[in-house]
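This report reviews the model shown below for a reader concerned with local backbone geometry, chain architecture and the contact between chains.

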Amino acid sequence: MSFPLAAVDYIEPWWMVVIKCLVLAFIGLQLVPVVLLAERKILGRFQNRYGPNRVGIYGAGQPIADIIKLLTKEDFRPRTAIGWLFFVAPILSIVAAFGALAIIPYGPVVDIFGVATGLYGIDVSIGPLYVFAFGAIAFYGLMLGGWSSGSKYSFLGSMRAAAQLISYEVAQGMALIGVIITAQTMSLTGIVEAQQGMWYVIPQFFGFIIFMVASFAETNRPPFDLTEADAELTGGYMTEFGGGRFTLYFFAEYLNMIVISGMATTLFLGGWLLPFGIDPPAWVDPFVVIAKILAFVVFFIWVRATLPRLRYDQLMSLGWKILLPLSTLNALVTAIVVVTLD
Amino acid sequence: MGFFFVVFGVVALAGAVGVVVLRNPFYCVLSLVVHLIALALLFLLLEAQFVAAAQIVVYAGAVMVLYVFVVAYVGGGDRPAALWRASARQRALAIAFGAAVFIELSIAILGSGLRALGTGGPDVPAGFGAPAQIGELLLTRFLLPFELASFLLLVAAVGAVALAGRRGGLGEDRDLSPGRSTLDLPIPAARGTMAEGVAGYGVTTPMPDPEYKGRKLEEGEGV
């Protein structure tokens, strides 16, 4: 009997799986405060101010101070809220975000304590579909959060999230088909190994652009942050959430950004591979992946500081009338080229 | 594995029962989502990873999203509006059809399915249920049903577009297509002024008299 979701023929001993889970969760939890601080600092510089610089050296203690502040706040619940759904919704969001984190590969199979260990949570044969499946579950976190708050702003925010997520999921998935056709596998480690020699950002450039635009929408980041447009909806689906529950949503949002950055790194930027044939020892690989993820995160922040928010009808026509046909065309052309070259 | 099978099976059954039993339509939809996710987990136990992922992405992630969308807008409340009341004949028909489906399923299960009980189940070859295998089957053995299903979906999509297009889009007073600014829109009858708020919709707001030059201050008045 093999293990469900295991693409490779072997599985590590159970203690190694436990250690891997803990390490991956730790990496995720450590990256979020770094990204938080980076966002506030970089946004500050873009807006000609310093950003947080009071807590610790260079303001480095700011994320910790933020988290302590949020966790010690009153756990407020509106009287109109539906109790157990209001309680479950943020947990769904954070569980889905952590679940999706498991698939990002930080390196190939290496030898740790004499055990052949893959530097990834799991390597599934369905690859990107795994992330999409968790995205579908994360959607219910948003939706139920907005609906169970019993507030019009929250409800409208979650409705926008629903429409936006299903619109852009299609284009995002279609953009990946080009990569899968070129790599001829859906396993993420297989896709990285197929990128030896040339990263897919070059042959799949259009796919990369479409994937990134759709990812901005999928993670509700500006310029597609209509679900929490402050000026119109005060705070979108998380308007009524405070304290610990807000922290969960907040963490889930930043974790989703990290997961999407990891996916872009793996699918288009060669994962743990370095350019120009540089072949470092195996322990460098995870740091290469994390550096690439952080580069993508800076790009996310850069775009947030640069572009204004779209209008809602513009969002919908961009998704359905421009991105979807382009990504279909990209998949078609890739398939024709691959068949012709074979 | 047997333990997980029982757990997911019970959750799937509970979800299915919930869809029928619960009164609030929003909870019915959520119950259906739970049922679909439990089904996906059962597929996972059967090594059908692709089917499991497709189940979650397509059903929980797209189809049910639309259900939630609609129910959240029009449903809600513990006592939904009675849109439709079943007559006695319809109830009898429903019971008859339910019994027919039950008998049919019982024949199918008892006639063939239970022979595998007590055996270890079929041997699963390596790579079973992987996307590559499913893709190959779809393009060879099941090509015709696959193409027919996609044709059916195409027809449905064209029909949806035709139905949506019949309304003729936004009216002239709301058309903000490229090249038109808000300044091109006609001024609506109600302008949201304070006078309308007091006297009701349709009250023409008195415009300031352009000839009015102000009045002289009385003795002892003003600053």
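## Tyr58 of chain A

In this predicted model, Tyr58(A) lies in the loop that runs between helix H1 (14–46) and helix H2 (62–71) of chain A. Its phi is near 60°, a positive value in a residue other than glycine. Tyr58(A) counts as partly exposed because it has 13 C-beta neighbours inside 10 Å, and a residue is called exposed at 12 or fewer and buried at 20 or more.

## The loop between H7 and H8 of chain A

A positive phi is also found at Asn220(A), where the angle is near 55° and the residue is again not glycine. Asn220(A) comes just after H7(A) and belongs to the loop between H7 and H8 of chain A. Is Asn220(A) buried or exposed? With 22 other C-beta atoms within 10 Å, Asn220(A) is buried.

The loop between helix H7 (205–218) and helix H8 (230–233) of chain A also holds Pro223(A). The peptide bond that joins Pro222(A) and Pro223(A) is cis, with omega at about 5°.

## Helix H7 of chain A

H7(A) has 14 residues, which at 1.5 Å a residue should span 20 Å; the end C-alpha atoms are 20 Å apart, so the expected and modelled lengths agree. Because 10 of its 14 residues are buried, H7(A) is largely enclosed by the rest of the structure.

The buried residues of H7(A) include the aromatic positions Phe208(A), Phe211(A) and Phe216(A). Also among them are Gly207(A), Ile210(A), Val213(A), Ala214(A), Ser215(A), Ala217(A) and Glu218(A). The packing partners of these buried residues in chain A are H4, H5, helix H9 (243–268), helix H10 (285–306) and helix H11 (312–341).

## Overall form of chain A

Chain A contains 11 helices and 2 strands. Read along the sequence, three helices are followed by the two strands, and helices make up the remainder, in the pattern α-α-α-β-β-α-α-α-α-α-α-α-α.

The C-alpha trace of chain A spans about 60 × 50 × 50 Å along its principal axes. For 342 residues, a compact globule would have a radius of gyration near 20 Å, and chain A, at 20 Å, agrees with this. Of the 342 residues of chain A, 47% count as buried. Among contacts in chain A with a separation of 6 or more, 79% come from residues 24 or more positions apart.

## Overall form of chain B

Chain B has 7 helices and 0 strands, and its elements from the N terminus on run α-α-α-α-α-α-α. Of its 223 residues, 15% count as buried. Where contacts in chain B link residues at least 6 apart in sequence, 49% of them join residues at least 24 apart.

Chain B is divided into domain 1 (1–78) and domain 2 (130–165). The C-alpha centres of these two domains of chain B lie 23 Å apart. Arg141(B) sits in the loop between helix H5 (131–139) and helix H6 (143–165) of chain B. Arg141(B) is exposed, since 10 other C-beta atoms lie within 10 Å. From Arg141(B) to Ala12(B), 129 residues apart along the chain, the separation of the C-alpha atoms is 31 Å.

## Contact between the chains

How many residues does the contact take from chain A and from chain B? Chain A provides 22 residues and chain B provides 20 residues. On the side of chain A that touches chain B, helix H4 (128–148) and helix H5 (152–183) of chain A each supply at least two residues. H4(A) gives the most to that side, with 10 residues. By class, the side of chain A that touches chain B has 18 nonpolar, 2 polar and 2 charged residues.

H4 and H5 of chain A thus appear in two settings: both supply residues to the side that touches chain B, and the buried residues of H7(A) pack against both.

## Confidence of the prediction

The predictor gives the complex an ipTM of 0.83 and a pTM of 0.79. The mean pLDDT of chain B is 78, and 67% of its residues reach 70 or more. Among the elements of chain B, helix H1 (residues 2–21) has the highest mean pLDDT, at 90, and helix H7 (residues 194–199) of chain B has the lowest, at 66.

Conventions:
Residues numbered from 1 in each chain as written. Chains lettered and ligands numbered in written order. Predicted model: local features only at pLDDT ≥ 70, side-chain atom pairs only at ≥ 80, totals over all residues. Contact = placed C-beta atoms within 7 Å. Helix = DSSP H or I, 4+ residues; strand = E, 2+ residues; numbered from the N terminus. Nonpolar A, V, L, I, M, F, W, Y, C, P; charged D, E, K, R; others polar. Domains from an automatic or database assignment. Rg over C-alpha atoms; globule rule 2.2 N^0.38 Å. pLDDT = per-residue confidence, 0-100. Expected span 1.5 Å × (residues − 1).
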